[in-house]
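Please examine the sequence and the model shown here. The paragraphs that follow consider its cysteines, one of its helices and its enclosed spaces.

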Amino acid sequence: MKWNLLTSETTRVVKLPDDIYPIDLHWFPRSIGGKKQSHAESFVLTSSDGMVWFGIHIPKQDVFNGKIIARFFIVFCVCIFNRILLRSEIPIHKISDIIWILNFCLGKFHLISKSGRVEKSVEAHCGAVLAGRWNSEGTALVTVGEDGQVKIWSKSGMLRSTLAQQGEDCKYKVWDSYGRLLYSSQPHEYPITSVAWAGDGELFAVGSFHTLRLCDKTGWSYALEKPNTGSIFNIAWSIDGTQLAGACGNGHVIFAHVVEQRWEWKNLEITLIKRRTMEVHNVINDAVDLLEFRDRVIKASLNYGHLVVSTSLQCYVFSTKNWNTPLIFDLKEGTVSLILQAERHFLLVDGGGLYLYSYEGRLISSPKFPGMRTDVLNAQTVSLSNDTLAVKDKADEKVIYIFEALSGKPLGDGKPLTHKTEIVEIALDQKGLTIERKIAFIDKNRDLYITSVKRFGKEQKIVKIGTMVQTLAWNDTSNILCGIQDARFTVWYYPNTVYVDKDLLPKTLYEKDASEFSKNPQIVHFVGNQITIRRADGSLIHLNISPYPAILHEYVSSSKWEDAVRLCRFVKDQTLWACLAAMAVANKDMATAEIAYASIGEIDKVQYINSIKDLPSKESRMAHILLFSGNTQEAETLLLQTGLIYQAIQVNINLYNWDRALELAVKHKTHVDTVLAYRQKFLEDFGKKETNKRFLQYAEGLEVDWNKIKAKIEMEIAKERERAAGSPSVRASVTVQQ
């Protein structure tokens, strides 16, 4: 039956077949991201077929007209199913308890349309199917049965996975989207009778006998209340996630409001003490301020010297320097589901879209992309920096859309960033220029990758820098990345090293044993040189790292190379020298790079840097710096663009790219004999014969004369010197994208 709340009229939705005994139903999600679904008028109904026996334990407070049966009650339950005989004995230790017995042999769920037609029936559990719930997108269905199993089904009713196979243990558990168990609570005194997620997926509530518990999405408990309500059989959240209602065994409905949320930043601690009141505590001078709001607080964020608060109707922007005069503007949609901050602006996410505001309250942009779903976005799938916004696509979880913050338009050539597997978490670095902006992300295999967001035409190089990474965070003032990988807490002091000198990356890391953080810890903040980590039990751990890498970043960003060298000599730390070496190469300061590499004992690289400094032209030096960083294609392109054909051929010879070297020589009709001579010498050194048809073809009738070849090479070098001497500024405008 369907009940109209306004008129109290009831209408029949469907007449079920006689052999279906309904237990629970759940409507298909009516809308996704504000758009109505085509299946919005259908629902799933769970049932049991064929009554045998069923036992349920009901405390006295949950029974309106119950009578005392006996102090001890022994039940023999016989269920014939696949020739299995079950015998159970249930002792009752309290005279106030009563047992009702009833069971079902086989449980099904049914997909039923609004016309009442049963679209599909699926045998799901041995015993009754106690509940069935669609996910928020309507793409999957979860069922729970008397057999102790929790199963995930596709939209069409195909079994995807079984999460649990056990009896009632008085625990609540949390799994991730891949079926991995993240959290299992301690046993409660009574069975868990209800659980419900808040709309944004950050919190969930747990109901039991005389118990209401508020939990974080990772499982640990925020708060525990003991209302005198009997068992809480069902819980429903408000759409903004600030309050909930519970259906109780004593016939009452209980209402609860989420308060005492806390935000921290540097020396400030802010607490939501009432639904419309915040308390600001400065831990340095012990000053306390109260912030009053007209409507209830829904979301808040504290970072970069500003507090942003959204209520049901308005947005308040406070400066941490002055709490008395906030900037206030009206919201387009009443329910804000996410607030992200950067140094220059902040992002509001609601049911209508993404809105980027300045701290003066001016709307900067509103980025959009095809199939955008704002209702499923969270801090792991959206990231904001001063000039860039990144959003993971829900429809294709291998894709990240990247936008210019000021215009809201796609960055670079407009194509999204695509990875080979599904992406779990993304994060943009916070400092530096747009052309240097990097994004780090974790995929479903828990591998950590980094890549540039500035992409033009060609496929951007995505490099793996970590494995088995659980969580990550960028520093707020410098491009230092931290994460927890494979039971180790790791800090990448200069992640860009992987693009400059990949072999140097391990020397730029700080690692610490992470066993003290317990299972599945999460990094909460990385502010200054302090990292805040939340353990699985909800407790916070604060770590401090060396302040010197951040100072080094500041010197390098200001091109203060002499100060950077003095800092490294003062600290006398190999990690800091390694960071300086990579930073110097990235910024083409080879003199500083030579000093830094010498300090960490990389003699071969010092010699190569000296050879680069001896090259006759600026173009050759830039090309060999690119080669030093492993960017072979960019180095060749630069040499060809500047007319240094022989140098481009020689680069490929030195790298043993024989086919490419011959291709360039033939194409430009020069130094074919040089390529063949070096190829012949290479084969002779290894005692091999030529088998490549192209080399055999061009070698026919050609006699190798090393004297002529050496003369040609000397002539090329002389021409390059003359060109560099005559035109010192030639090609000065050539830029190379790394």
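A residue is called buried when its relative accessible area is under 20%, exposed when it is over 50%, and partly exposed in between. The model to which these terms are applied here is a predicted one.

Two cysteines illustrate the scale. Cys126 has a relative accessibility of 36% and therefore counts as partly exposed. Cys482, with a relative accessible area of 0%, is buried. A disulfide is a covalent bond between the sulfur atoms of two cysteines. A search of the whole structure finds zero disulfides.

The same terms help in reading helix 6, which spans residues 603–613. Its buried residues are Lys605, Val606, Ile609 and Ile612. Because these four cover an arc of only 115 degrees around the axis, they lie on the same side of helix 6. What do the buried residues of helix 6 pack against? Their partners are helix 5 (590–599) and helix 7 (618–628). On the face turned away from the buried side, helix 6 carries the exposed residues Asp604 and Gln607.

Attention may now turn to the empty space inside the model. Rolling a probe the size of a water molecule over the atoms shows where such space is left. Across the whole structure, four cavities of 30 Å³ or more are found. The largest cavity holds about 70 Å³ of space. Its lining consists of 10 residues, and Ile402, Leu411, Gly414, Lys415 and Pro416 are those nearest the centre of the cavity. By character, the lining of the largest cavity comprises seven nonpolar residues, one polar residue and two charged residues.

Technical notes
Residues numbered from 1 in each chain as written. Predicted model: local features only at pLDDT ≥ 70, side-chain atom pairs only at ≥ 80, totals over all residues. Heavy atoms only, no water. 1 Å grid on protein atoms, 1.4 Å probe; cavity = no way out; pocket = protein on both sides within 12 Å on 5 of 7 lines; lining within 4 Å. Points joined across faces, edges and corners; volume = space filled by probe spheres on them. Nonpolar A, V, L, I, M, F, W, Y, C, P; charged D, E, K, R; others polar. Buried < 20%, exposed > 50% of the residue type's maximum accessible area, 1.4 Å probe, protein only. Helix = DSSP H or I, 4+ residues; strand = E, 2+ residues; numbered from the N terminus. Arc of directions from axis to C-beta. Contact = heavy atoms within 4.5 Å. Disulfide = S-S within 2.5 Å.
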